[in-house]
Amino acid sequence: MAEEQGKTGKGINTGKLATNMQKRLSRAQEKVLQKLGKADETRDTAFEEGVANFNKQMAEGTKLQKDLRAYLAAVQTMHDASKRLQDCLADMYEPEWFGKEDVDTIAEETDILWSDYHDKLVDNSMIAMDTYLAQFPDIKARIAKRDRKMTDYDSARHHFGSLQKGKKQDQAKIAKAEEELGRAQKVFEEINVDLQDELPQLWNSRVGFYVNTFQSMAGYQQRFHKDMGKLNQDLNDVMTKLDEQRLANEAAAANHSVTPDAAPKMRPAPPGPAPVRPPPSPSPSLTPAPDTQQDIISFDGDALVPDANTTAPSQATAPSQATTPSQPQAASWDSWETDTAVEAAAGAATTAVTNGSSEVLPAGVIYKVKAMHDYAATDGDELEMKAGDVVLVLAWENPDEQDDGWLMGVKESHWLENKDLLAKGVFPENFTQKL
């Protein structure tokens, strides 16, 4: 029984192989005859145009699939690089620095955001791309089959025609050839009709596919960059505050500022050259000249007691003595004090004129100073100065707020340009020289 089945199966396979070989031979002969012009070929211009569009669409889809995979690989590479960079920042960020927990949170959320973006591209864009291209191999195989069946149909048609035109007509052969022609025509037309419906639909579907693919990718990118921008802004804010903390610590260390636990924090003494105090003015001498006679005044508490050797009142008040230029008058405390005040006032007036302070200063300006050294402001209420700048010194609105060694003022250049005193600030007095 087994041997009989083996022989039967072997016979069937052999017969099928022979049939296929015969078909291939017939198709090859038909193609040769068509190329030589000895046999006509069934042509369908609309279908041929559809096949050309199909081949173009398949090539474009294959290229898009390749580029999309490359893009996804680049996203994954960027994800890996971003994770390493964020991890490096989190590792070297010292615990006592400002925003340590915020930096760790930003690194974690950045990693999650990259992963979510990559997964959405794979699930929605890449899978859709693969599904779109999966239909092309089947249709391509059916187009090739349709070409073979069309060749079979042409071959059967030509064989039937040649039998009908023969001198010796064999009706049995003609009938068999006609039957084979009908069968070949039916198979060809079934495949041909289906493809004529599918190819235009497939060609038109590319528009909707491209729209959905790139629209979804654009939406994912938009949300990704929006969320990533917020994380980057948060990281920038942390870095800004960390830098402010560094500057504050450096200023505190440079100015030897008091600790936060100490009593009310005052503005630190300004760095720079120590102020030089002017030498005291000499006191007026009360010693009479050796070559003149003067009244000697001695003090006994608050009372004035004339010395026994002093000149008599009649002599001191004599008209001849009062009008004589070379005769000195008797000195008294009241006259000396008055003269000293007058001399001081005269000296002040002279200094004002010499230094140009007699000019009319803006209301609220006490006097002018000139910066002798550059000063870089370390706080928002401080005045930035360059050596040579002239500053108008202002009175403090609340004297209790004035720190020792600091003045309030505005640059003269600002006043000359804007005619206002709004851009005022405090500056160290020992960086300037009074004009």
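Of the 435 residues in this protein, 25% count as buried (under 20% relative accessible area, with over 50% being exposed and anything in between partly exposed, using a 1.4 Å probe and protein chains only). The model is a predicted one, where local features need pLDDT of at least 70, side-chain atom pairs count only at pLDDT 80 or more, and totals for chains, interfaces and linings use all residues. Residues are numbered from 1 along each chain as its sequence is written, and side-chain values use heavy atoms, with hydrogens and water left out.

**Exercise 1. Work out how helices α3 and α4 are arranged.**

Step 1: find the helices. The protein has 8 helices and 7 strands (DSSP runs numbered from the N terminus: H or I with at least four residues for helices, E with at least two for strands). Helix α3 covers residues 100–165, and helix α4 covers residues 171–255.

Step 2: look at the axes. They come within 7 Å and cross at roughly 165°. Axes here are lines fitted to C-alpha atoms, for helices over the stretch in contact, and angles run from 0 to 180 degrees between N-to-C directions.

Step 3: name the arrangement. α3 and α4 are therefore roughly antiparallel, a label for angles over 145 degrees (under 35 is roughly parallel, 65 to 115 roughly perpendicular, the rest oblique).

Step 4: sort the contact residues. The contact of α3 with α4 has 37 nonpolar, 12 polar and 17 charged residues. Ala, Val, Leu, Ile, Met, Phe, Trp, Tyr, Cys and Pro count as nonpolar, Asp, Glu, Lys and Arg as charged, and the others, Gly among them, as polar.

**Exercise 2. Now try α2 and α3.**

Step 1: helix α2 spans residues 45–92, and its axis comes within 9 Å of that of α3, crossing at roughly 165°.

Step 2: that makes α2 roughly antiparallel to α3.

Step 3: split this contact by class, and you get 26 nonpolar, 12 polar and 8 charged residues.

**Exercise 3. Is K145 buried or partly exposed?**

Step 1: go to helix α3, where K145 is found.

Step 2: check its accessibility. K145 counts as partly exposed because its relative accessibility is 38%.

Step 3: hop along the chain to I191, 46 residues apart from K145; their C-alpha atoms are separated by 8.1 Å.

**Exercise 4. Which residues does E412 contact, leaving aside neighbours within four places in sequence?**

Step 1: locate E412 in helix α8, residues 412–418.

Step 2: E412 has 19% relative accessibility, so it counts as buried.

Step 3: list the partners, which are K368, V390, V391 and L392 (contact means heavy atoms within 4.5 Å).
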